[in-house]
Each structure stands twice: as structure tokens, then as C-alpha cells.
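Colleague: I am new to this structure and would be grateful for a guided discussion. Might we begin by displaying it?

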Amino acid sequence: GFVACSESARQSDTKVVENGQIRLVFATKPVPYLKELRQVQSQKNLLPEPADQNLFTLEVSQAEDRNLTVESLSAKKGSIRVSRDKKGQNIMIRFTGLGPESDIQVNLRGVLGKDEPIVRWSIKFDNPGRQKIVTVRFPYVAAVPAIGSPDDDFIVAPAFPGAMIENPAKN
């Protein structure tokens, strides 16, 4: 299968991860976010434009039963690293300086197999101040258009034990 990993001419601005099925373009500034998600065959960008710059949101409990929404874009620092191995590509994205105490760190890991039409994501966070996190929304997907004939399109949501949303453009 075809697997590629590249950086744009302005190396610090984007990282590209692609195989024969999908192409992901990550902007690196102000912190990493998914700028484009293209199905290779149709060349259709599956993200609304302009792209939502948040890859996740956290709800942190505050005094008086109020929650504070913490978005990935609010991180003080962010970095992205892409590596390849025999099975495909690994995407590591780190966000630091999150939350009301600026001490939450979030690590996202994505794995794109050589011939896979999907990226398998995981999220891990370090919360040394033990702030009460009541909700995690990841991946944070704003909208998904139909791809060709939408009848066979689907999204797998990370709800326990997992949920498959068929024909997301319609449902």
C-alpha cells in the first residue's frame, strides 16, 4: 500500500499524513489542529471550511456546580510528531497548559495503517492538580458531508461500548 508523510515547504506550518485511502493535513500553529481530512479517491474534504480548530473539549468542574469548557485551542503550547513503521504511521499530538490551573496535559495518539480508511485515535491526559474532569469530547467532529453515495458511510463514536453512526450526513 501507499503511505506518505511530509511537511509543507514552510516546515513548521503543516504536517501531512496519508495513504491510498485518506489524507490528513494538520496545521501546527497556534497549536495543532486538523485542517483537512480528504478521502483520496473523491478528493473531497470531509471537514467544514474553515476547519474547527479544536480536536477535543474537556468539561472541568468548578465551584457552585458550574463547568468550564476547556478546548484544545486554549493550550499554552502544542506539538505534533509523525513517524512511520512497517504497519503505517503514528501521529503524536501534545497539548500543555490546559485548564483553570494551566496544569493539564493532553496527549493524542493516532495510528493510520498502510491500507486503512480510518485513523485509530486514543487520548490520555495528565492532571496533576486533580481537577475534576466531568466530560471528554474526543474526537471533536463538527460536521461530516456525504461521500459519494452516503448509504455506506459511517462514523464510529467512542461511546461505551462503542457506537456506529450510519450515513452521518443524513443522521
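Colleague: Which residue forms a salt bridge with Glu18?

Modeller: This is a predicted model, and the distances are computed from it. Glu18 counts as buried, at 15% relative accessibility, whereas its partner counts as partly exposed, at 26%. The closest N and O atoms of the pair are 3.2 Å apart, and the partner of Glu18 is Arg23.

Colleague: How many salt bridges does a search of the whole structure find?

Modeller: Besides the pair of Glu18 and Arg23, Lys29 forms a salt bridge with Asp13, with the closest N and O atoms 4.0 Å apart. A further one joins the side chains of Glu59 and Arg137. The search of the whole structure finds a total of five.

Colleague: How many residues apart in sequence are the parts that Lys29 and Asp13 tie together?

Modeller: Asp13 counts as buried, because its relative accessibility is 18% and the limit for buried is under 20%. Lys29 lies in the loop between S3 and strand S4 (33-39), while Asp13 lies in the loop between strand S1 (3-7) and strand S2 (14-19). The pair therefore ties together parts whose separation in sequence is 16 residues.

Colleague: What is the order of the strands in the open sheet of three strands?

Modeller: Strand S6 (residues 57-62) and strand S7 (residues 66-71) run antiparallel and are joined by six bridges. S6 also pairs in the antiparallel sense with strand S12 (residues 133-137), over four bridges. S6 thus has S7 as one partner and S12 as another, and the order is S7-S6-S12.

Colleague: Which strands stand at the edges of this sheet?

Modeller: An edge strand here has a single partner strand, so one side of it is left without a neighbour in the sheet. In the order S7-S6-S12, the strands at the edges are S7 and S12.

Colleague: Which residue in the turn between S6 and S7 has a positive phi?

Modeller: S6 and S7 form a hairpin, with three residues between them. Beside this turn, Gln62 has Arg66 in S7 as its bridge partner. The positive phi is about 65°, and it belongs to Glu64.

Colleague: Which residue in S12 is the bridge partner of Glu59?

Modeller: Glu59 is buried, with a relative accessible area of 11%. Its side chain meets that of Arg137 in a salt bridge (3.3 Å, N to O); since Glu59 lies in strand S6 and Arg137 in strand S12, that pair ties together parts 78 residues apart in sequence. Arg137 is partly exposed, with a relative accessible area of 39%. The bridge partner of Glu59 in S12, however, is Thr135.

Colleague: How many residues does the largest nonpolar core have?

Modeller: Among the residues with the most contacts inside this core are Phe26, Phe56 and Val106. Strand S3 (22-27), S6, strand S8 (77-85), strand S9 (88-98) and strand S10 (104-113) are the elements that give two or more residues to the core. Leaving aside neighbours within four places in sequence, Val106 is in contact with residues including Phe56, Leu58, Ile93 and Phe125. The number of residues in the core is 27.

Key: Residues are numbered from 1 along each chain as its sequence is written. This is a predicted model: local features need pLDDT of at least 70, side-chain atom pairs count only at pLDDT 80 or more; totals for chains, interfaces and linings use all residues. Side-chain values use heavy atoms; hydrogens and water are left out. Two strands pair if DSSP finds at least two bridges between them. A nonpolar core is a set of buried Ala, Val, Leu, Ile, Met, Phe, Trp, Tyr and Cys residues joined through side-chain atoms within 4.5 Å. Buried means under 20% relative accessible area, exposed over 50%, partly exposed in between (1.4 Å probe, protein chains only). Contact means heavy atoms within 4.5 Å.
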